[in-house]
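Student: I would like a close look at one part of this model. Please show it first.

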Amino acid sequence: TATDDLRRDFVAYFGGNYEFKVDLPNGYYSVKTYTGDWIGSTKTNVSIEGKDYGTISSGKTNIAEKVFNQIAIKEGQMNLNFSGTTAHLNGIEITPLLLAPTNLTLTSLELGTDPISSTFTWGSVDGASAYRVYRHAASSSTELLMETTGTSYTDITADVGLDYVYTVTAVESTGFESVPSNALNVSMIDP
């Protein structure tokens, strides 16, 4: 009997280990793997971003489908590692759940006013109902400045003479929050 492309085509490294590196925007992802063989059983160990997700097994003429949710990508690359007795892999689907805002940019810095102000903008994210703006100074913990539905924010609470790091996250209507945007360093020291 004939088989389909998914059962027929696979990568295998019996008793070995192989890795896929996928460049992706920062955010949360769902990963679906397909493992199996038309003529024999399979046992494949899965590790994503350094976390061991255990072994996926399938019997002869079957494809095991396994979904791994909320995989956080923070440095622009997903690392997937497959190993095991047969180490079969027939396919991978990577689906974005919630991406981080991109292009956090300082658009205005006013140090000669009272209060001082810094204005930021960022790219919108599909599926986001709001954004959270965070600020961190070297001598303090990260603080949430505001939650907004827009893609800009003006900070009028910073102190003169300090350096800050700003980030923004996207938030879904359920409250699920993305990983942070690119970090933006801003000096409140008048040159």
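In the hairpin of β3 and β4, which residue takes a positive phi?

Tutor: This is a predicted model, in which local features need pLDDT of at least 70, side-chain atom pairs count only at pLDDT 80 or more, and totals for chains, interfaces and linings use all residues. Residues are numbered from 1 along each chain as its sequence is written, and side-chain values use heavy atoms, with hydrogens and water left out.

The residue is Glu49, with a positive phi near 55°, in a hairpin that has two residues between the strands. Strands here are DSSP runs (E, at least two residues), numbered from the N terminus, and two of them pair if DSSP finds at least two bridges between them. Strand β3 covers residues 42-48 and strand β4 residues 51-58; they run antiparallel and are joined by six bridges. One pairing places Ser47 with Asp52 of β4 as its bridge partner.

Strand β3 also pairs with strand β6 (residues 77-83), again antiparallel, through four bridges. There, Asn45 has Ser83 in β6 as its bridge partner.

The hairpin belongs to an open sheet of four strands, ordered β1-β6-β3-β4, with antiparallel pairing. Strands β1 (17-23) and β4 are at the edges with a single partner strand each, so one side of each has no neighbour in the sheet. From one strand to the next, the twist averages 20°; the axes are lines fitted to C-alpha atoms, and angles run from 0 to 180 degrees between N-to-C directions.
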